[in-house]
Amino acid sequence: MSNLSKKRYTITSALPYANGPLHIGHLAGAYIPGDIFVRFLRLKGKDVVYVCGSDEHGAAITIKAKKEGGTPREIIDKYNKQIKESFAEFGISFDIYHRTSEQIHHQLSQEFFLNLYEKGEFIEKFSEQYYDEEFHQFLADRYITGTCPHCQNEGAYGDQCEKCGTSLSPTDLINPKSTLSGKTPILKETKHWYLPLDKYQPWLEKWLIEGKKDVLKPNVYGQCQSWLKQGLQPRSMTRDLDWGVDVPLEEAVGKKLYVWLDAPIGYISATKQWALDHGKNWEDYWKKQPNPEDDSTLIHFIGKDNIVFHCITFPAILHAHGEYILPDNVPANEFLNLEGDKLSTSRNHAVWLHEYLEEFPGKEDELRYVLTSILPETSDSEFTWKDFQARVNNELVAILGNFVNRVMVLSHKYFAGNVWGGSALNAVDNHVFDELAKYPELIEQSISNYRFREALGHFMNAARLGNKYLADEEPWKVIKTDEERVKTVLYVATQIVANLAVLAQPFLPKTSARLFDMLDLSQQGWDKAGAKDLVKEGHRLGDVQLLFEKITDEQVDFQLQKLADAKAKNALETVEATPAKGNITFDDFMKLDIRVGTILEAEKVAKTKKLLKLTIDTGIDQRTVVSGIAEFFSPEDIVGKQVSILVNLEPREIKGIQSQGMILMAEDADGRLDFVNPTSAIRPGSTVR
């Protein structure tokens, strides 16, 4: 049995930043999983509200405005419209798509802040924060970049390293630079209000680590464990910015609420607006009820880069407030890669949703299907256009579309579209019905446990069941000798088509609607799935429609060329180099003992994605070095390669392996790594100077 026992559900998908269009990585992270889950809940007759909206505050918006030479309002209006229209055309079934720039959201965010302020939950303190002297302003987290102290990524932001996922503070960064002037900012005193996350750590450990151990997905639980193990620190809930929600205190004129305080509250303000529009009580979906059994079940669908905010920061805020329910689950997905590389908005290495909708009109479900089949549910996955073509042509067209088309065409050809019972069901027919009846429960189990790829697989197996049945029974041959048997075969096959129409609703809503239209049936609830008589004897079917078309080589080639053109354009553009670090003395440099070495052996480090264990001949000795290059080089390809190695770096244990040095790598603007090595063979142990 599934675990969807509650009657009311509050479902959220991450608020997309209104500073750019949507791409397939967004869909695979938060929106397709959320939409499948919500559609299923509705089919089960649950009371559910599904909310989302544009995140329209924070430094990302103002940075985009400066880049495009516009105002923050112009930016958010432009992208909110585009995002909202793309979601609607694609078929994401939000009950409301709201905006954090709306007054109702500002008021609710300020109420939250004041509630915590009046309870004395905040720590008020003066601190030194980065200030750009050239632009005469304090720098928000995203206006500061530098080197991550954990993974050495030189493009880390002041709030988070997007390479290793670590939550940061601006002062954690090594060699910080202002994104406005490119110069090193100074530290200047300012007052802010901090949420003492360290105070809530014991509660979070009990609620999250103990209470959610068997609830959260392993990738989510592991991240939460890691953050709590490091120890939580107070986090500023206010910023020195000129765009956002005003801090509602007289002494805080010119300051705004931290975007990760106001953005999650956007889920609540969206629900509040929806309730006003539809005569509902928003508190039923967000606040604790007198009887805990009546509390709504809150579930956040997000990508892995937002886990800390939805599992730690926002729950701590809700807990501190005291009146609100807490998340039941946060089934975050990992990242989706594209054609062997990371998705990148800055490099235009993406499949943009609005462009897909223009270039593949009417093929929304094809993209839904492929993305669902490769969802990065527990680890990163990859989208390629060749795989897209193969899945559409070999699965949607050849299995689902082919089966439905044959049933419809034969029914119209032999019986003018009428459905007749014919002769009695035989053992094969009954076996098919018995197998068909298993799929609703299998799909429900998978969906209720957030295994959407698995659920889609069950759905396609139901289509394969129909395909095999029709192929085995060969009604096009039997019609010559036994018309009554053909009536029975097509009756059984039509019931399978009707069941597929029901089962498709969470995954392929537009396909499901076409199936019901072809069958001339009204939409059916999940309770009808598995039934043997969804289409009654004597019913007349509607007209035949083509469900899917093949994706051509020309279409794939066009998309691949777009990506290649974007890559070529990026290569031609001048990329500003990372600013130089502070000067060191010649004596400091001479302390570095860099040698030429040769890689003798290479192997992947177990349970890691980025690490290789290398055995290197340094000319002095043979030593082990652990290096984070596995995403760019295969072990077998680098054996025999010469490298530059810092041999007098203090040994360090990494994943239980003693690493004795560091190989030098060059990193380009998009994060690609390459070896720093001699252009011709040279004796191992030769010094680099």
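## Asp 621 and Arg 623

Asp 621 is partly exposed, at 31% relative accessible area. This value, like the others here, is computed from a predicted model. Asp 621 forms a salt bridge with Arg 623. The N to O distance is 3.1 Å. Arg 623 is buried, because its relative accessibility of 12% falls under the 20% limit. The bridge therefore joins a partly exposed acid to a buried base.

Ser 627 sits in strand 20, which covers residues 622-627. With 8% relative accessibility, Ser 627 is buried. Leaving out residues up to four places away in sequence, Ser 627 touches Lys 610, Leu 611, Leu 612, Leu 614 and Ile 663.

## Salt bridges elsewhere

The model holds 40 salt bridges. Side chains of opposite charge can pair when their charged atoms come close. One of these pairs is Lys 78 with Glu 68, at 3.6 Å from N to O. Lys 78 belongs to helix 3 (residues 72-90) and Glu 68 to helix 2 (residues 59-68), so the pair ties together parts 10 residues apart in sequence. Both ends are partly exposed: Lys 78 has a relative accessible area of 45%, and Glu 68 has 37%.

Glu 484 and Lys 487 form another salt bridge, with the closest N and O atoms 3.1 Å apart. Why are Glu 484 and Lys 487 separated by about one helical turn? They are three residues apart in helix 17, so about one turn lies between them. An α-helix has 3.6 residues a turn, so residues three or four places apart point the same way. Glu 484 is partly exposed at 37%. Lys 487 is buried at 15%.

Salt bridges also form a network. Its members are Glu 56, Arg 73, Asp 77 and Arg 99.

## Cysteines without disulfides

The structure has zero disulfides. Cys 52 is in none, and the nearest cysteine sulfur, in Cys 311, is 17 Å away. Cys 52 is buried, with a relative accessible area of 1%.

Which cysteine sulfur is closest to that of Cys 224? The sulfur of Cys 311 is, at 3.9 Å. That is too far for a bond, because a disulfide needs the two sulfur atoms within 2.5 Å. Cys 224 is buried, at 0% relative accessibility.

## Helix 18 and its cover

Helix 18 spans residues 509-519. Which residues of helix 18 are buried? They are Pro 509, Thr 511, Ser 512, Leu 515, Phe 516, Met 518 and Leu 519. Their cover includes four other helices. These are helix 1 (24-43), helix 11 (364-373), helix 12 (385-415) and helix 17 (483-503). Helix 17 is also the helix that carries the Glu 484 and Lys 487 pair. After helix 18 comes Asp 520, with a positive phi near 60°.

Helix 12, part of that cover, is bent. The bend is about 40° and falls at Gly 401. Ala 416 follows helix 12, and its phi is positive, near 55°.

## Gln 201 in helix 5

Gln 201 lies in helix 5, residues 197-210. Is Gln 201 buried or exposed? At 12% relative accessibility, Gln 201 is buried. Apart from residues up to four places away in sequence, Gln 201 touches Leu 228, Gly 231 and Leu 232. Lys 229 is 28 residues from Gln 201 along the chain. Their C-alpha atoms are separated by 9.9 Å.

## A nonpolar surface patch

Where does the surface carry a nonpolar patch? It is formed by Ile 584, Phe 586, Phe 589, Met 590 and Leu 592. Together these residues have about 520 Å² of accessible area.

Phe 586 is one of the patch members and lies in helix 20, residues 586-590. Its relative accessibility is 59%. Phe 586 therefore counts as exposed, since the limit is over 50%.

Definitions and conventions: Residues are numbered from 1 along each chain as its sequence is written. This is a predicted model: local features need pLDDT of at least 70, side-chain atom pairs count only at pLDDT 80 or more; totals for chains, interfaces and linings use all residues. Side-chain values use heavy atoms; hydrogens and water are left out. Patches are made of residues with over 30% relative accessible area and no salt bridge: like charges are joined within 9 Å, nonpolar side chains (Val, Leu, Ile, Met, Phe, Trp, Tyr) within 5 Å. Accessible areas come from the Shrake-Rupley method with a 1.4 Å probe; for residues, only the protein chains shown count as cover. A salt bridge is a side-chain nitrogen of Lys or Arg within 4 Å of a carboxyl oxygen of Asp or Glu. Helices (H or I, at least four residues) and strands (E, at least two) are DSSP runs, numbered from the N terminus. Buried means under 20% relative accessible area, exposed over 50%, partly exposed in between (1.4 Å probe, protein chains only). Contact means heavy atoms within 4.5 Å. The bend at a residue is the angle between axes fitted to the seven residues ending there and the seven starting there.
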